[in-house]
Amino acid sequence: MNDYLNMFSLEGKVAWVTGASYGIGFAIATAFAKAGATIVFNDIRQDLVDKGLEAYRALGIDAKGYTCDVTDEEAVQALVRIVELEVGPINILVNNAGIIKRIPMIEMSAEDFRKVIDVDLNAPFICAKAVIPSMIREGGGKIINICSMMSELGRETVSAYAAAKGGLKMLTRNICSEYGQYNIQCNGIGPGYIETPQTAPLREPQPDGSMHPFDAFIRAKTPANRWLKPEELQGPALFLASSASDAVNGHILYVDGGILAYIGKQPQ
Ligand code: NAP
Ligand code: GCO
């Protein structure tokens, strides 16, 4: 039994999770730490990093936190150099940092569109590019890109996000194609609708006390009939970060409570 569990061990590994002070990134990093990895995370503001450091400490995790904007290539390259010196070469990268702007497309400025593409698509390219050379030197590595339902589906108001997350799916396949020969596995996780600050506006109670209409919409679309929790991404992320998935490459693992398999709740 233990041999099987050892496949999921991250003992001795350094894992960098971007934007991991809270939310999905925090949940994933926490699981990696419990599996033995040293955790490196960054966030865009120092106060978020401090909040993250405190949250990790509260769980007994000695994470290393850095302030870094993942869209800034020079800052990312500098961060990776510092981490290599202070912690060691990065074996696992999770491109988690992301933003969404919910604006009807014809009302959206080109600047806002570019901003979303910058954080959700260009930054995963920048971060992966920064760690792949040392992964090659070290004989392999794991890259996990946090995709979305919007890697497959469209929805009103999320044109930039869908374009970025669809692009991230193809970046995942391309990193696999280009660097699989160096024992680098690059896979994606496509979360369904997860209870985090990013989706808080879609779950806000209404002035009359009723739930936001988006809540019923998502439940009707999800065979599990509920929102998912960040912790439900821990097992899938651990699988993709560990040697248990060494033959899995270029795959998007949708963790969506069944949304993509389902046409939606039929009328009663
Ligand atoms: P979140 O709660 O908004 O957390 C995202 C984190 O990334 C925040 O700490 C954010 O900082 C940080 N960040 C944003 N821009 C950054 C930048 N330029 N540099 C460094 N850090 C930056 O999001 P989440 O819901 O946990 O989502 C995490 C990932 O999963 C995102 O890629 C998201 O698109 C994806 N996802 C989420 C869901 C969902 O239902 N929640 C579903 C599918 C996919 P700030 O607080 O300053 O913005
Ligand atoms: C939206 C959501 C998305 C989802 C997620 C789906 O407006 O559709 O906020 O961000 O949470 O990405 O997988």
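This is a short walk through one structure and the two ligands placed in it. Before I begin, please keep in mind that what you see is a predicted model, and that every value I quote has been computed from it.

Let me start with ligand 1, which is surrounded by 29 residues, the closest being Tyr22, Asn96, Tyr161, Ile194 and Thr196. If we sort that shell by class, we find 16 nonpolar residues, nine polar ones and four charged ones. As for where the shell comes from along the chain, helix H2, covering 23–34, strand E2, covering 38–43, and helix H6, covering 159–179, each contribute at least two residues to it.

Which side chains place a polar atom beside an oxygen atom of ligand 1? Thr196 does so at 2.5 Å, and Asp43 does so at 2.8 Å. Asp69 has a nitrogen atom of the ligand as its partner instead, with a polar side-chain atom lying 2.9 Å from that nitrogen. Taken alone, ligand 1 would expose 880 Å², and the protein buries 92% of that area. The site itself is the largest pocket, and ligand 1 sits in it.

Now to ligand 2, and here I would ask where it sits. Ligand 2 is in the largest pocket, which is also where we found ligand 1. Around ligand 2 there are 14 residues, and the closest are Arg102, Met149, Arg155, Tyr161 and Pro191. You may recall that Tyr161 was also named among the closest residues to ligand 1, and so this residue appears in both lists. By class, the shell of ligand 2 holds eight nonpolar, four polar and two charged residues.

The polar contacts of ligand 2 that I want to point out involve both backbone and side chains. A backbone N or O atom of Met149 lies 2.7 Å from an oxygen atom of the ligand, while a polar side-chain atom of Tyr193 lies 2.8 Å from a ligand oxygen. The side chain of Gln198 likewise has an N or O atom 2.8 Å from an oxygen atom of ligand 2. On its own, ligand 2 exposes 340 Å², of which the protein buries 97%.

Finally, let me step away from the ligands and turn to salt bridges, of which a search of the whole structure finds nine. One pair is Lys129 with Glu73, whose closest N and O atoms are 2.8 Å apart. This pair links distant parts of the chain, with Lys129 in helix H5, residues 110–138, and Glu73 in helix H4, residues 73–86, the two being 56 residues apart.

Conventions: Residues numbered from 1 in each chain as written. Chains lettered and ligands numbered in written order. Predicted model: local features only at pLDDT ≥ 70, side-chain atom pairs only at ≥ 80, totals over all residues. Heavy atoms only, no water. Near = heavy atom within 4 Å. Polar contact = N/O pair within 3.5 Å; in protein donor to acceptor, adjacent residues only side chain to side chain. Areas by Shrake-Rupley, 256 points an atom, 1.4 Å probe, with all protein chains shown as cover. 1 Å grid on protein atoms, 1.4 Å probe; cavity = no way out; pocket = protein on both sides within 12 Å on 5 of 7 lines; lining within 4 Å. Sits in = over half its atoms within 2 Å of the grid points. Helix = DSSP H or I, 4+ residues; strand = E, 2+ residues; numbered from the N terminus. Nonpolar A, V, L, I, M, F, W, Y, C, P; charged D, E, K, R; others polar. Salt bridge = Lys/Arg side-chain N within 4 Å of Asp/Glu carboxyl O.
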